[in-house]
Amino acid sequence: MIDKFFPSAEAALADIADGATIMIGGFGNAGMPAALIDALIAQGAHELTIVNNNAGNADTGLAALLKAKRVRRILCSFPRQADSWHFDALYRAGELELELVPQGTLAERIRAAGAGVGAFYTPTAFGTRLAEGKETRRIGERDYVLEYPIHADYALIKADRADRWGNLVYRKTARNFGPIMASAAKCTVAQVRETVELGALDPESVVTPGIFVKRVVRVTPSLQKAA
């Protein structure tokens with residue numbers, strides 16, 4: 001019997017090794033799997049490579065993971081914000097590597113990994129420092145940069161509801177990077193508000209099919225961050 005429910009976030013993340021590449025969903029706080037990030041901090045893995053839209057806000061979530069000095073490298077689109085002081089301090093001290101990726105390119109590189117695309121050309125960043133050292137090509141009347149997919153060992157995402165097969169339904173904008181990250185990782189762990197019986201989810205509403213999800217953790221409302 002297929003049952004992807006795990007009793008706790010700690011159990012779902014117990015096998016993450018030092019040096020793993022981890023995608024973390026969320027657009028700011030919307031869709032951020034806060035309970036899974038807290039469990040990752042407690043789990044203790046070091047030298048992580050993190051793929052996320054930004055580099056954390058204030059002192060919670062991804063920012064707390066940075067503060068704990070568990071991250072060696074981060075790929076993101078918006079590393080610096082008014083409250084990204086932990087990223088700033090680590091980066092300026094040379095303790096954190098950054099690969100800056102334009103947001104659309106970041107999404108497409110993740111999507112390409114899940115779709116089995118070997119590489120793709122995009123006009124984004126051509127002629128800028130972000131294109132230095134990358135292959136370029138003129139196609140028609142435009143110049144393009146060759147970009148490669150981003151694969152991950154784990155994806156930590158937040159959804160609203162799940163059944164025991166791992167089918168996921170999201171809540172509004174909390175969906176953001178979750179679906180593409182789920183398809184691009186070897187092991188996707190989903191934090192959800194509610195678990196339901198098989199058949200309770202409308203198939204037309206399922207965004208991430210269970211084939212892309214390995215583990216599901218129900219987080220009680222008192223611990224679930226606002227989406």
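A residue counts as exposed when its relative accessible area is over 50%, and as buried when that area is under 20%. I keep this at the top of the page for the entries below, which concern a predicted model.

**Entry 1: Arg-80 and Asp-88**

I looked up Arg-80 first. Its relative accessibility is 54%, so I noted Arg-80 as exposed. Its salt-bridge partner is Asp-88, with 3.2 Å between the closest N and O atoms. Is Asp-88 buried or exposed? Asp-88 has 17% relative accessibility and therefore goes down as buried. I recorded the pair as one exposed residue, Arg-80, bridged to one buried residue, Asp-88.

**Entry 2: Glu-97 and Arg-72**

I then checked the side chains of Glu-97 and Arg-72, which form a salt bridge at 3.8 Å, N to O. Which strands hold the two residues? Glu-97 belongs to β5 (residues 97-100) and Arg-72 to β4 (residues 71-76), so the bridge ties together parts 25 residues apart in sequence. I found Glu-97 partly exposed, at 41% relative accessibility. Arg-72 is also partly exposed, at 30%.

**Entry 3: Arg-193 and Glu-194**

Arg-193 and Glu-194 make a salt bridge whose closest N and O atoms are 3.4 Å apart. I have Arg-193 as partly exposed, with a relative accessible area of 35%, and Glu-194 as partly exposed, with 29%. I followed the shared partners and arrived at one network of salt bridges that joins Asp-160, Arg-161, Arg-193 and Glu-194. For the model, I wrote down a count of 14 salt bridges.

**Entry 4: helix α5**

I turned to α5, which has 13 residues (103-115). At 1.5 Å a residue the helix should span 18 Å, and its end C-alpha atoms lie 18 Å apart, so the two values agree.

Which residues of α5 are buried? I listed Thr-105, Leu-106, Arg-109, Ile-110, Ala-112 and Ala-113. These residues take up an arc of only 155 degrees around the axis, and so they sit on the same side of α5.

I also looked up what covers the buried residues of α5. The cover includes the strands β2 (21-24), β3 (48-51), β5, β6 (120-122) and β8 (142-147), together with the helix α6 (178-184). I had already met β5 in Entry 2, as the strand that holds Glu-97.

Last, I checked the residue just after α5. Gly-116 has a positive phi there, of about 80 degrees.

Conventions:
Residues are numbered from 1 along each chain as its sequence is written. This is a predicted model: local features need pLDDT of at least 70, side-chain atom pairs count only at pLDDT 80 or more; totals for chains, interfaces and linings use all residues. Side-chain values use heavy atoms; hydrogens and water are left out. A salt bridge is a side-chain nitrogen of Lys or Arg within 4 Å of a carboxyl oxygen of Asp or Glu. Helices (H or I, at least four residues) and strands (E, at least two) are DSSP runs, numbered from the N terminus. Buried means under 20% relative accessible area, exposed over 50%, partly exposed in between (1.4 Å probe, protein chains only). The expected span of a helix is 1.5 Å times one less than its number of residues. The arc is that of the directions from the helix axis to the C-beta atoms. Contact means heavy atoms within 4.5 Å.
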